[in-house]
Amino acid sequence: MNQPDKHILLSFIQGDQEATDYIYRYYRTPVLRFAISILKDEVEAENIFQEVFTKIICRQDKINPDMNFSSYIFTAVKNEIFDYFKAVKKDHKLKEQFWVNVQVASKEEKEQQELQLEQLEGLISQLSPKRKQVLHMNIFEKKSYQQIAEELAISVNTVKNQLIKAKAMIRQEMN
């Protein structure tokens, strides 16, 4: 989906429903990612996006089509998040829930990283012994292609090829 151009923005300002839907769909995912990265709470991030988008629709006739709309919407979300944090600061229950969400998110991120590390170790173990050795020397021992070639009595091109193939396989499997 392409970034909304000035024509779509003008249609949105005039109240066109298709343009509104387009802008909503275009910005929803990146705004939610941004909000979740700060709030660590998907539900609250969704609430903030809905609140911001509703406010933008109510004020759409005041939007300047020459301005950077992306900056506008992300600034509005950031400000709404600040307001949320002010409310959290005042409300003990909200504060407790926020910290629970942060801890859960941290635990989930750590578990995800551990799973990825296990997957990476498994993939490295599947490499041929020579390719595994070349990869280990380059990544963990920080040796140059030339140093590896000299130690293993192989050409620099062979070292390059082994590393390219090993990294390509790992990248493909990790994605």
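Me: I take a salt bridge to be a side-chain nitrogen of Lys or Arg within 4 Å of a carboxyl oxygen of Asp or Glu, so how far apart are the closest N and O atoms of K143 and E151?

Reply: In this predicted model, the closest N and O atoms of K143 and E151 are 2.4 Å apart, which means that the pair meets the 4 Å limit and counts as a salt bridge.

Me: And how many salt bridges does the count come to?

Reply: The count by that rule is 7 salt bridges, and one of them joins K6 to D66, with 2.5 Å between the closest N and O atoms.

Me: Which parts does the K6 and D66 pair tie together?

Reply: K6 belongs to helix 1 (residues 6-13), whereas D66 sits in the loop between helix 3 (42-58) and helix 4 (69-90), so the pair ties together parts that are 60 residues apart in sequence.

Me: Are K6 and D66 buried or exposed?

Reply: K6 is partly exposed, having a relative accessible area of 46%, while D66 is exposed, with a value of 58%.

Me: OK, what about E51 and K55, where do they lie?

Reply: Both E51 and K55 are in helix 3, set 4 residues apart, which is about one turn of the helix. They form a salt bridge whose closest N and O atoms are 3.9 Å apart, which still falls within the 4 Å cut-off. E51 is partly exposed at 36% relative accessible area, and K55 is likewise partly exposed, at 28%.

Me: Which residues are linked with them in a network?

Reply: The network of salt bridges links E51, K55 and E80.

Me: Switching to the surface, which residues form the negative patch?

Reply: The negative surface patch is made up of E42, E108, E111, E114, E118 and E121.

Me: Which helix gives the largest share of the negative patch?

Reply: Helix 5, covering residues 92-125, gives the largest share, with 5 residues of the patch, and E108 is one of the residues placed in helix 5.

Me: Backbone next: what is the phi of K142, and where is the residue found?

Reply: K142 has a positive phi of about 55° even though it is not a glycine, and its position is in the loop between helix 6 (129-139) and helix 7 (145-152). K142 is also exposed, with a relative accessible area of 68%.

Me: What about A153, where is its place and what is its phi?

Reply: A153 lies in the loop between helix 7 and helix 8 (156-174), and although A153 is not a glycine, its phi is positive at about 55°. With a relative accessible area of 69%, A153 is exposed.

Me: Last topic, what does UniProt list for residues 23-87?

Reply: The unreviewed UniProt entry lists residues 23-87 as "domain: RNA polymerase sigma-70 region". In the model that span is 82% helix and 0% strand, and its end C-alpha atoms lie 29 Å apart.

Me: Which residues does the region 4 type annotation cover, and how much of that span is helix?

Reply: In the unreviewed UniProt entry, "domain: RNA polymerase sigma factor 70 region 4 type" covers residues 118-168. That stretch of the chain is 78% helix and 0% strand, with 18 Å between its end C-alpha atoms.

Terms used
Residues are numbered from 1 along each chain as its sequence is written. This is a predicted model: local features need pLDDT of at least 70, side-chain atom pairs count only at pLDDT 80 or more; totals for chains, interfaces and linings use all residues. Side-chain values use heavy atoms; hydrogens and water are left out. Patches are made of residues with over 30% relative accessible area and no salt bridge: like charges are joined within 9 Å, nonpolar side chains (Val, Leu, Ile, Met, Phe, Trp, Tyr) within 5 Å. Accessible areas come from the Shrake-Rupley method with a 1.4 Å probe; for residues, only the protein chains shown count as cover. Lys and Arg count as positive and Asp and Glu as negative; His and the chain ends are not counted. The place of a charge is taken as NZ of Lys, CZ of Arg, CG of Asp or CD of Glu. Helices (H or I, at least four residues) and strands (E, at least two) are DSSP runs, numbered from the N terminus. UniProt positions are given in the numbering used here, feature names are shortened, and annotations may be inferred rather than shown by experiment. Buried means under 20% relative accessible area, exposed over 50%, partly exposed in between (1.4 Å probe, protein chains only).
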